[in-house]
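The exercises below each set a task and then work through the solution. Keep the sequence and the model open while reading.

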Amino acid sequence: MILSIQHVVKRYADHTALAGVSLEIPKGQIFGLLGPNGAGKTSLIRIVNQITAPDEGQVIFDGEVLHPKHVEQIGYLPEERGLYKKMKVGDQLMYLAQLKGLSKAEAQSRLKDWFIRLDIKDWWYKQVDDLSKGMQQKTQFIATVVHEPKLLILDEPFSGFDPINANMLKDEILGLKERGTSILFSTHRMESVEELCDSIALINQAKVVLTGEKEEVRNRFKKDEYAVKFSGELTNSSAFEVVSIDAEQHSAVIKLAKSNGTNQAISALIKQVDLFEFKEVIPSFNDIFIQVVEETK
Amino acid sequence: MNKILLVIQREYLTRVQKKSFWIASLLGPILITAIYAIPIWLAMQDKEVKRIEILDESGLFQAKDLVDKEVEFKLVNKPAAELKASFSKEGFVAFVHLPKNIVRDSKELKIYSEKNLSLPLKSSIERVIEKKVRATLMQKAGIASEVYEKTQVEITSETISVSSTGDETSSSSGGAMILAGVMGMLLYITLLLYGSQVMAGVIEEKSSRIIEVIISSIKPYQLMLGKILGVGMVGLTQFLLWIVLTIGLTQVASTFYGSSPIQQRVEQVKKADPEVAKTMEASPMDEVTKVIESTNIPLVLGGFLFYFLFGYLLYSSLFAAIGSAVESTAEAQQFTFIVMLPIILAFIMAQFTMQDPDSTMAFWASMIPFTSPINMMVRLPYGVPMWELATSMILLVLGFLGCSWISARIYRVGILMYGKKITVKEMAKWLFYKG
């Protein structure tokens, strides 16, 4: 485990942001931290970053109780991210890299590599004010990863990115994962969860309401529903019931009477109609998200 | 520790590299020099020697009686009506009509001028005439002119301070007052100036949203401390530049002054009238030398640095706390008033402290940490008992520690607060938040 969060409680004057949150985040994975606005994601991330301390509970980082020295092994891209507007890009990155514990020479050589890699060599002496938003985002990303952290925390990393930059960012994230970086990825954009995450945890109203590996979670939410295409008249039978039907498209969703009763369902179907297609309905994370959040309200 | 140094370095370099820093560094000395040079320059313009025609019907006056450093008299003998019409055309500022029996009718003197006569010029003319009339009256009363000259003594005093051990130093009350005023003023300006720079820096970090990235690398109090120290060093650098440049500029200005016509004229008058010369020699330079001799320069300078440093640290930490709680400078105004109030109060109190540096009010003003930087600096040139100075310094350090504790606690919560109108009550609550 890169991160083990144990019974963390965080209270503010008028509300509880985290009410006994426990989470295990495995090494080398992209871990999606999901949840609606105000669920407590940012509070949790701030505790891991040691920006604030928990009222109760503790966080274990790579086998050790979280300690100030660990900030140098964590990279953090906050949702609300900015740069010093009146500073040159190079100076700014040098400053941020050195704050993360890199020596001057090390910071310089690594930054040069990144500048070449992202094809932004001529930005070093540019003032941040003169950069476009996309350019600023690249700069911020470099600042997050330049010290080669063990754990990378990305809070809504894609917000505000255009498709080209978003793609670049996605490739970089996957590349970092390949090189062994563990990534904690907070978002409510479900398509990026489907695309990138290995495991997820869903937080709602200060509690973890769902956690597990992506496929395993998905399986948990399967409802024995199948999408069928056919011609003819479809009605309920003892093997299935029709959940919804689109007569014009000749398609419907049916729910099996028994789990694993696909064969019975198919034989019942072919008695009624000409069957063209029979496919399991796999729940999207969007559906899971909405369902769980509604249930735990 | 290393990281605080990084913050200090950034805060220092980004400010020192700004154009505005150099403009302020240059403008300051130019302004200070101008404050001294412009009156001199104006005086030079004004004191180009005034020429005055004098019609003496009494026949009392001779050219040697009419000597003044600022006025040149010309005795003429023409009808008064004609002179009245012609004096300004001939380049005279005024025409003085002395009546026949000026000795008896001393109020009958008439001065005609085209424009309103300036008060100093009027009294210069009156002084010269008065002197001669007095001498004439003395003579008539049987007092020899030498006797009269001898009675013209002028009393000046030398003030000497005696320490308890009996050491005597020639003191200068006027000089001490000037020194006290200058230092009080300087502290007042710098506390406000650099305090609000710290606040602006905090607001910049918060509103540009870089803050969260930074505090995921270092502790908020480290960032706050680094910022305060960095800006403080900018302040010291600016002081240094101001001092060096002001000295340089005043040197240049004084060379001009030295070779000016007015200075030459002063020399002439000195030669012509040794008595005038005597009074004129009590020049400002003597006063300055006296101040330097009578004040303990290392103590005053050390005191200034100490009170600047800790006064600045105390106030700028409060300014930082305010900056952290708001999102824009406009929003900060309601809170800055709370912090500025004690500074302004201290400055007002300093005016009274300057009048009476040993009063009860002056004592307390120089003890309470919020008012002590300005007030103790004002008292210091007059001489302050060591125990008072030590107590005041210790209290200031304690005050700073207390304020920075409060500020750090407000700061760490405030920098992460967005989209919320903050009240003082709310800030008080933040003090007790955990971690």
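A crossing of two helices is left-handed if the near helix is turned anticlockwise from the far one by less than a right angle, and right-handed if clockwise. The model is predicted: local features need pLDDT of at least 70, side-chain atom pairs count only at pLDDT 80 or more, and totals for chains, interfaces and linings use all residues. Residues are numbered from 1 along each chain as its sequence is written, while chains are lettered from A and ligands numbered from 1 in the order in which they are written.

**Exercise 1. Describe how α2(A) and α3(A) cross.**

Step 1. Locate the helices, which are DSSP runs (H or I, at least four residues; strands are E, at least two) numbered from the N terminus. In chain A, α2 covers residues 89–99 and α3 covers residues 104–117.

Step 2. Take the axes, lines fitted to C-alpha atoms over the stretch in contact, with angles from 0 to 180 degrees between N-to-C directions. The axes of α2(A) and α3(A) come within 9 Å and cross at roughly 125°.

Step 3. Classify the angle: under 35 degrees is roughly parallel, over 145 roughly antiparallel, 65 to 115 roughly perpendicular, and the rest oblique. The pair α2(A) and α3(A) is therefore oblique, and its crossing is right-handed.

Step 4. List the contacts, where two residues are in contact if their C-beta atoms, placed from the backbone, lie within 7 Å. L93(A), M94(A), A97(A) and Q98(A) of α2(A) meet K104(A), A107(A), Q108(A) and L111(A) of α3(A). By class, this contact has five nonpolar, two polar and one charged residues. Here Ala, Val, Leu, Ile, Met, Phe, Trp, Tyr, Cys and Pro count as nonpolar, Asp, Glu, Lys and Arg as charged, and the others, Gly among them, as polar.

**Exercise 2. Repeat the analysis for α12(B) and α16(B).**

Step 1. In chain B, α12 (residues 297–325) and α16 (residues 386–414) pack at about 20°, with axes 8 Å apart.

Step 2. The helices α12(B) and α16(B) are therefore roughly parallel, and they cross in the left-handed sense.

Step 3. Among the residues of α12(B) in this contact are F306(B), F310(B) and L313(B), and those of α16(B) include M393(B), F400(B) and Y411(B). The contact divides into 15 nonpolar, six polar and no charged residues.

**Exercise 3. Which helix of chain A gives the most to the side that touches chain B?**

Step 1. Count the contact: 23 residues of chain A are in contact with 17 residues of chain B.

Step 2. Helix α2 of chain A gives the most to that side, with four residues.

Step 3. The side of chain A that touches chain B has 13 nonpolar, four polar and six charged residues.

**Exercise 4. Is Q50(A) buried or exposed, and where does it lie?**

Step 1. Q50(A) lies in the loop between α1 (41–48) and β4 (56–61) of chain A. It is not a glycine, yet has a positive phi of about 60°.

Step 2. Apply the cut-offs: a residue is buried if 20 or more other C-beta atoms, placed from the backbone, lie within 10 Å of its own, exposed if 12 or fewer, and partly exposed in between. Q50(A) has 20 such neighbours, so Q50(A) is buried.

Step 3. Compare R209(B), also not a glycine, with a positive phi of about 65°. R209(B) sits in the loop between α6 (173–207) and α7 (211–215) of chain B. With 15 C-beta neighbours inside 10 Å, R209(B) is partly exposed.
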